[in-house]
Amino acid sequence: MKTFIRLSATVSISMGAAFVPLSTAAIADPASQTIQSVHATPDDYFHTGAGARYLRRADSDIVVQPLRGNITELMGSGGNITVLSGKEGKFLVDAGIGKSKNKLRAALDKIGPAPLKYVVDTHWHWDHTNGNAWMHDAGATVVAHRNTSKHLTETTHVDAWNWTFEPVPENARPTLVIDDKRTFSFAGTTIQVENFGGGHTDGDLWVYFKEADVLALGDTFWNGFYPYIDNEDGGSIDGAIKWADKAVARTTDHTIVIPGHGPVGTRTELIAFRDMLVTVRSNVAALKRQGKSLDEIVAAKPTAAFDAVWGNFVFNGAQFTKMVYSGL
Ligand SMILES: [Zn+2]
């Protein structure tokens, strides 16, 4: 039997400058709001979903991993954050979560005194954009794909997360918007920022630091884990495979390949990720063609060969199977 307690509608999770309401008052349906807002442990993004995981992780220290060519990786604030630091300032890929602001600031200061100049949001998800506001206030121009900018400035409900994201504050909104691609010349580095249509979401960007040969892929690459695919917002398994193919084609064994989640990787790991996506898609599609229902497909375990390796982070094989199925 479930226990219900009344939560105040004003209870919030503090995340630095930003607040995400702990109640589900933002959910549009008043009837469901009444039910969910009194539930002690609602099944949503910030209680049982990935958001809860990232909030917990942010209590630990930021892991700092120097790469090459003045590029450093910061891990532990939501998605991975890539930092290029030069005389002109710092150019970041993804903003992490606001809760880590002080730890991130300390880690960034340790890299060097140069001020924040740019932060590129690889996509709209909270664990990659929640730090936008403080980074903007610290001097960064927030860069994003047009659809990411749209998600951040509109109300976006994600059924799979049982959560409604309200428009972010003015200072957290992208002001430099990209459609297909843009090349930056910054701190002696050529930085190619590109979109290839729907992938993990409808507004992904990858960021390639040309001279250092470092490719930051955002959530179009999860190194060693089943990825999330935002089917509700333009992502799909086929888009995810297309992006992975593009990344495989663009890289060599020399390239440092940075995922949105998981350790800094190599092209070999990227290929293993791509091959996993392709095989799971093919298995799920074959079962679907046989006329099996989603429940039957999940029961058939089309991810079985991969679960021991890939199913140990946010998503297990059954959850990933459902995501793949939704996109077919
Ligand atoms: Zn994401």
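**Notes on the fold: cores, helix packing and some buried residues**

1. Start with L215. Leave aside its neighbours within four places in sequence, and L215 is in contact with W206, Y208, A247, R250, T251, T255, V257 and I258. Keep in mind that this is a predicted model.

2. Now the core around that residue. L215 is one of the residues with the most contacts inside the largest nonpolar core, alongside L92, V119 and V207. That core has 67 residues. Which helix gives the largest share of this core? Helix α8, residues 267-289, does, with 7 residues. A second core of 10 residues lies apart from the largest one. F46, Y54, A58 and W126 are among its members. In soluble globular proteins, nonpolar side chains tend to be buried together.

3. Next, the chain as a whole. It has 328 residues, and 45% of them count as buried. There are 11 helices and 16 strands. Take the contacts between residues at least 6 apart in sequence: 63% of these join residues at least 24 apart.

4. Back to α8, and its contact with α7. Two packed helices are described by the angle between their axes and the distance between the axes. Helix α7 covers residues 237-250, and its axis comes within 10 Å of the axis of α8. The two axes cross at roughly 155 degrees. Angles over 145 degrees count as roughly antiparallel, so α7 is roughly antiparallel to α8. The crossing of α7 past α8 is left-handed.

5. Which residues make that contact? From α7 come I237, A240, I241, A244, D245, A247 and V248. They meet R267, L270, I271, F273, R274, L277, V278 and R281 of α8. By type, the contact of α7 with α8 has 11 nonpolar residues, no polar ones and 4 charged ones. One of the α7 residues here, A247, is also a contact of L215.

6. Helix α8 also meets α11, residues 317-327. Their axes come within 10 Å and cross at roughly 70 degrees. The range from 65 to 115 degrees counts as roughly perpendicular, so α8 is roughly perpendicular to α11. This crossing is right-handed. On the α8 side the contact uses V280, R281, V284 and K288; on the α11 side it uses F320, T321, V324 and Y325. The residues of this contact divide into 5 nonpolar, 1 polar and 2 charged. R281 of α8 appears here, and R281 also meets α7.

7. Helix α6 is a good place to look at buried residues. It covers residues 146-153, and its buried residues are N147, T148, S149, H151 and L152. What do they pack against? Their partners are α4 (126-129), β8 (141-145), β9 (156-158) and β11 (176-178).

8. H128 sits in helix α4. Is H128 buried or exposed? It counts as buried, because it has 29 C-beta neighbours inside 10 Å. Not counting residues up to four places away in sequence, H128 touches G78, G79, D94, A95, D121, T122, H123, G218 and G260. G218 is 90 residues from H128 in sequence, yet their C-alpha atoms are 8.4 Å apart.

9. D94, one of the residues that H128 touches, deserves its own look. D94 lies in the loop between β6 (89-93) and α3 (101-111). With 31 C-beta neighbours inside 10 Å, D94 counts as buried. Most residues other than glycine have a negative phi. D94 is not a glycine, but its phi is positive, about 75 degrees.

10. N70 also has a positive phi, near 65 degrees, and N70 is a residue other than glycine. Its place is the loop between β3 (63-66) and β4 (71-75). N70 has 22 C-beta neighbours inside 10 Å, so it counts as buried.

11. Finish with H47. This residue lies in the loop between α1 (30-37) and α2 (50-57). With 18 C-beta neighbours inside 10 Å, H47 counts as partly exposed. How far is H47 from W161 in sequence and in space? The two are 114 residues apart in sequence, and their C-alpha atoms are 10.0 Å apart.

Key. Residues numbered from 1 in each chain as written. Predicted model: local features only at pLDDT ≥ 70, side-chain atom pairs only at ≥ 80, totals over all residues. Core = buried A, V, L, I, M, F, W, Y, C linked by C-beta atoms within 7 Å. Buried ≥ 20, exposed ≤ 12 C-beta atoms within 10 Å, placed from the backbone. Helix = DSSP H or I, 4+ residues; strand = E, 2+ residues; numbered from the N terminus. Contact = placed C-beta atoms within 7 Å. Axes fitted to C-alpha atoms, helices over the stretch in contact; angles between N-to-C directions. Parallel < 35°, antiparallel > 145°, perpendicular 65-115°, else oblique. Left-handed = near helix turned anticlockwise from the far one by under 90°. Nonpolar A, V, L, I, M, F, W, Y, C, P; charged D, E, K, R; others polar.
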